[in-house]
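Work through the exercises below with the sequence and the model open. Each one sets a task and then solves it in steps.

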Amino acid sequence: MNVKVFYRDGVKSLLLLSALMLMQSCGFIKSKFGKGGKEESGISNGEITATERKGFKQTTPAGMVVIPSGSFIMGQADEDIASSMNNMNRRVTISSFFMDDTEITNHEYRQFVNALLVDSVSVLGEEEIMSKYYPDTTAWKKDFAFTNGDPMVEYYFQHPGFDTYPVVGVSWLAAQYFSKWRTNILHDFQNKEGQFNSTGWRLPTEAEWEWAARGGRAVAKYPWGNPYTMNAKGCFLANFKPQRGNFDSDGYPYTAPANAYNPNDFGLYNMAGNVAEWTLDAYADNASAIVWDMNPKYDNPDEPRKVVKGGSWKDIAYYLQTGTRSFEYETERRAFIGFRCVMDNVNDRGGARARRR
């Protein structure tokens, strides 16, 4: 036999074999010729052998922190001085989720309204966008009688000096719409990249909010613990209405930057004071008696009152307590209510005991 011909034919055979092996490893032969293996079909030798699908790992979204799962005694952590009797103690369990480490800021919310004014005018109309989703800057005057709120009306939402301050004047309905818009942006990107969709953003439930605010402290009166509103140096630990109304003594007469003061043990800023925050739950005085103890949520679309937590820059310390709850109507827009979002964590559903193994 001619050695050159043998060598040439041998090289061709090796190249062909290598190409076939490469095509098979990339799934080409399986997908084209219908000979899928265990991973593709989940069935082998007449039996179901499906395991997890590969390629999905939920990463922590930008500006968020992981809130671990856990169980705690939800409800009033100190004397109910208002005798409201609307947050009786009971043990609840919460699954892990992600949470914005700060309240949504003016600059973040501005991306939303600007996008609506560019992309959604033909669908929603400019009047609806401005009346429902644009912050009500006049709330700085309407919410407080006989006050000079004009500078805040003019500058708070639009001026770059307030970019990192929490957005206010946003209704519960607008906060819900923002969460859906934020989710759509992420899902559009993931679809283009051929990725699995992450879970979407939403408002936290009341129980999630309270668990996150406590920062893992079992019976914390405030996000930093108990029992005082100032540290050993005499510095206030949140932005609220201290003493007999000295708004400036905590460092800020109105709101503070969203990342002001120290975060709690979960890494969350201003879970007490600055601005009160919308939660997902409808309000009911007897909610503690009617909701389940596993990821509780009071969902009643016919109830226009929604739970507000955390207290604000204009509230006394009682409203800063983790267990204190109040409400506002879902369409109202106040100069002291903002919000932050959460996202379900589907990659870490095991509890504390499972994580220790």
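**Exercise 1.** Find how strand 7 and strand 12 pair, and place them in their sheet.

Step 1. Strand 12 covers residues 342-344, and strand 7 pairs with strand 12 in the antiparallel sense over two bridges. Strands here are DSSP runs of type E with at least two residues, helices are runs of type H or I with at least four, and both are numbered from the N terminus. Two strands count as paired if DSSP finds at least two bridges between them.

Step 2. Take Trp 201: the bridge partner of Trp 201 in strand 12 is Met 343.

Step 3. The open sheet has four strands in the order 3-6-12-7, with antiparallel pairing. Strand 3 (64-67) and strand 7 (201-202) are the edge strands, each pairing on one side only.

The model is predicted: local features need pLDDT of at least 70 and side-chain atom pairs count only at pLDDT 80 or more, while totals for chains, interfaces and linings use all residues. Residues are numbered from 1 along each chain as its sequence is written, and side-chain values use heavy atoms, with hydrogens and water left out.

**Exercise 2.** Describe where helix 10 lies and how many of its residues are buried.

Step 1. Helix 10 (residues 206-214) lies across strand 3, strand 6 (97-100), strand 7 and strand 12. Helix 10 runs at about 75° to strand 6, where axes are lines fitted to C-alpha atoms, for helices over the stretch in contact, and angles run from 0 to 180 degrees between N-to-C directions.

Step 2. Nine of the nine residues of helix 10 are buried. Buried means under 20% relative accessible area, exposed over 50%, and partly exposed in between, with a 1.4 Å probe and protein chains only. Among the buried residues are Glu 206, Glu 208, Glu 210 and Arg 214, as well as Trp 209 and Trp 211.

Step 3. After helix 10 comes Gly 215, with a positive phi near 60°.

**Exercise 3.** Which part of the chain does Glu 206 reach through a salt bridge?

Step 1. Side chains of opposite charge can pair when their charged atoms come close. The rule used is a side-chain nitrogen of Lys or Arg within 4 Å of a carboxyl oxygen of Asp or Glu. By this rule the model has 22 salt bridges.

Step 2. Glu 206 and Lys 309 form one of them, with the closest N and O atoms 3.9 Å apart. Because Glu 206 is in helix 10 and Lys 309 in strand 9, the pair ties together parts 103 residues apart in sequence.

Step 3. Glu 206 has 4% relative accessibility, so Glu 206 counts as buried. Lys 309 is also buried, at 1%.

Step 4. Glu 206 and Lys 309 belong to a network of salt bridges that also links Glu 210, Arg 214 and Arg 325.

**Exercise 4.** Set the Lys 306 and Glu 330 pair beside the Glu 332 and Arg 334 pair: which residues are buried and which partly exposed?

Step 1. Lys 306 and Glu 330 meet in a salt bridge at 3.5 Å, N to O. Lys 306 is in strand 9 and Glu 330 in the loop between strand 10 and strand 11 (337-338), 24 residues apart.

Step 2. Lys 306 counts as buried at 3%, and Glu 330 counts as buried at 17%.

Step 3. Glu 332 and Arg 334 meet at 3.8 Å, N to O. Glu 332 is partly exposed at 31%, and Arg 334 is partly exposed at 23%.

**Exercise 5.** Locate Thr 322 and Ser 312, and list some of what each one touches.

Step 1. Thr 322 is in the loop between strand 9 (305-309) and strand 10 (325-329). Ser 312 is in the loop between strand 9 and strand 10.

Step 2. Thr 322 is buried at 1% relative accessible area, and Ser 312 is buried at 0%.

Step 3. Contact means heavy atoms within 4.5 Å. Leaving aside neighbours within four places in sequence, the contacts of Thr 322 include Trp 209, Glu 210, Ala 213, Arg 214 and Lys 309. With the same neighbours left aside, those of Ser 312 include Asn 239, Phe 240, Gly 273 and Phe 336.
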